[in-house]
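Trainee: Please give me a close look at the interior of this one, beginning with the charged side chains. I'd like it as one connected story rather than a list.

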Amino acid sequence: MACGFVAAAAFCFFALTSFKHEYKGKSVSHGALLGLLAATVVPVPSYGQTPEEEAEAARMERRRQRRQRRREALAGNRPHIVLILADDLGWGDVGYNNPSVSTTPNIDRLAREGIRLDAFYTSRICTPSRASLLTGRWAFKTGELGIKPTDPDGIDPDYMMFPAILRSAGYRTHLMGKWHQGLHKADLLPTRRGFETFFGILTGGANHYTQRSDGLCDWGGPAVLYDGESPAQGVNGTVYSDAAFTARAVEVINNHNFAEPLFLFLSLVNPHRPWQAPPSFSRENGSSQRNIYQAMLGVVDTSVKTIVDALITVGAMNNTLLIFSSDNGASIKGPGSNHPLRGAKNSNWEGGLRVPAFITGGFLPESSLGRTLTGMISIADWYSTFINLAGARVNHSGPASVDSADQWPYITGERSQSMRTIIAHTNLVSRNEPATGAIRIDKWKLLVGQQNLASWYAGVPNSNSPEDTACGSAPCLFNIEADPEEREDVASANPDIVGRLMRRFNDFSQEYHAPTEFSQETDLACAAWERAGGYLVPWN
């Protein structure tokens, strides 16, 4: 390839070399930044406090001053943030966790060259995972159940989602792909929750070719593709969903003025069912269900590569933080794999909650690249991490306070351990019955109440029954660091640990829980959609 001009030569260099080469030559030294953050802080005066109180006050003051210095240091060099979220991608659905997967070479390379997050946790299904991400709260504070298109439900507008905070701090914010945070009222749409633009589907899923939710109404189902606050009339049925979302994301990148910080959220709908892949991918991988699924993984991989290539082409990768993860584990309703982890989507086992994730991009200190982090990170932690990197402030408004932890010191190596020691995986309380769910504290994980999908699901062929259950008669306890596959219940040998985790689980049970029981408004919704010409619209 001939490159006659300087800009073209630079492009050729970036295109033909690894990201590590491209990451060099930052205008701001991250080593200097970390040194600034580690500077001595002003001592906190004591006013008759106990030594323990003085130590806690000093710790809080150091944290406050670190955050303030970070805001000041980053004010002139804030990163562009690109978040790519796959839909129902299991632990064993990427090549770097499962050598039998051959269709994710770009994801595998980026994970290898960036920072792998091997204890990254989500919620067990789509809506609560995305709500935790956007609000920084545990899922039980936003609603533990998936929002159906005919639900009069949505994530509480009193929670300020982080895109709104980033936008107020000067970021341009864009969402392409799946929303799934409520649609029955206009106030729940993405453009009312902090996104400047939106192109995607409002629902949890749809046909990848027609973008229709068939079967919702007696006349069929609405077209669900949206552009801004209106149905994307004339576009439904003309595109493959993720290809269209990725193309719009590239358009945003190409048209963005990179003097302004960018937040781009590409919320893919692959490999969520129905199992459909573009013909070119299907031909390459064969027509069996597992091969079609592999092709869908290839679609995800291609989208990731396309976004990275676009950022390199416009010269923005040097100052970009790119995050990739799934929203929950793979479903047993298809050929996805969570191997070797136990459980699947819609379960509290590791296979439902622990997903592939990595970070890359030129904004990362070069010394941090090529590592694997094994400390716990929650999807809720991106809330505080992104907000602090943007130089903004966490917003605790709404019915429950923020649970997010800023993981930037751990990611960069400033801290050797995760900022998180506890994760409330699930905490379901209904009809005054005992709470059920799961909690992890340090290496210990407690599962409370009957747990479904209690086997090991590695994809098709699969002989394990989805009806397998466990922990119904007594809580189960696992040492996740020694036994990530959750094969040995050690509760009977550790009653003190069970008691300690159970007390903390019960504490969570007493905290605010968002309502999760709603009657469907199918007739109202379908009538409104039919009046709108078969397009999905808010109906309440």
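Mentor: Let's fix one word first: a residue is buried when its relative accessible area is under 20%, exposed when that is over 50%, and partly exposed in between. Keep in mind as well that this is a predicted model.

By that cut-off, Asp87 and Lys178 are both buried. Their side chains form a salt bridge, with N and O 2.8 Å apart. Asp87 belongs to the loop between strand 1 (80-86) and helix 5 (105-113), while Lys178 is in strand 4 (residues 172-178), so this pair ties together parts that are 91 residues apart in sequence. It's one of 20 salt bridges found across the whole structure.

Now look at Glu350 and Arg354, another salt bridge, where the closest N and O atoms are 3.1 Å apart. Glu350 has 0% relative accessibility, so it counts as buried. Arg354 comes in at 13%, and therefore counts as buried too.

For a contrast, go to helix 14 (residues 495-509), where Arg504 and Asp507 sit three residues apart, so about one helical turn separates them. Their side chains meet in a salt bridge at 4.0 Å, N to O. Arg504 is partly exposed because its relative accessibility is 28%, and Asp507, at 42%, is partly exposed as well. Going back to our opening pair, salt bridges with shared partners link Asp87, Lys178, Arg130 and Asp327 into one network.

From charges, let's move to the empty space. The largest pocket has a volume of about 860 Å³. It is lined by 34 residues, and the closest to its centre are Gly204, His272, Arg273, Lys333 and Lys345. Its lining splits into 13 nonpolar, 13 polar and eight charged residues.

Two of those names come back when you turn to the cavities: His272 and Arg273 also line the second largest cavity, along with residues including Ile201, Asn207, Ser241 and Phe245. That cavity has a volume of about 60 Å³, and its lining has four nonpolar residues, five polar and one charged. The structure holds two cavities of 30 Å³ or more, and the largest cavity contains about 80 Å³ of space. Among the residues lining the largest cavity are Tyr121, Trp138, Ser378 and His425. Strand 13 (residues 422-428) gives the most to that lining, with three residues. Six of the lining residues are nonpolar, five are polar and none is charged.

Last stop, strand 15 (residues 444-448). Five of its five residues are buried, so the strand is largely enclosed by the rest of the structure. In a regular strand, side chains alternate between the two faces of the sheet. Here, Trp444, Leu446 and Val448 point one way, and Lys445 and Leu447 the other way. Yes, a lysine is on that list, and Lys445 is buried like the others.

Strand 15 has antiparallel partners. Five bridges join it to strand 14 (residues 436-441), with Ile441 standing opposite Trp444. Those two strands make a hairpin with two residues between them, and Asp442 in the turn has a positive phi of about 55°. Strand 16 (residues 476-479) is joined to strand 15 by four bridges, again antiparallel, and there Leu477 is opposite Leu446.

Note on methods
Residues are numbered from 1 along each chain as its sequence is written. This is a predicted model: local features need pLDDT of at least 70, side-chain atom pairs count only at pLDDT 80 or more; totals for chains, interfaces and linings use all residues. Side-chain values use heavy atoms; hydrogens and water are left out. On a 1 Å grid over the protein atoms alone, a cavity is a set of points where a 1.4 Å probe fits but cannot get out, and a pocket is an open set with protein on both sides within 12 Å along at least five of seven lines; lining residues have an atom within 4 Å of a point. Grid points are joined across faces, edges and corners, and a volume is the space filled by probe spheres set on the points. Ala, Val, Leu, Ile, Met, Phe, Trp, Tyr, Cys and Pro count as nonpolar, Asp, Glu, Lys and Arg as charged, and the others, Gly among them, as polar. Buried means under 20% relative accessible area, exposed over 50%, partly exposed in between (1.4 Å probe, protein chains only). Two strands pair if DSSP finds at least two bridges between them.
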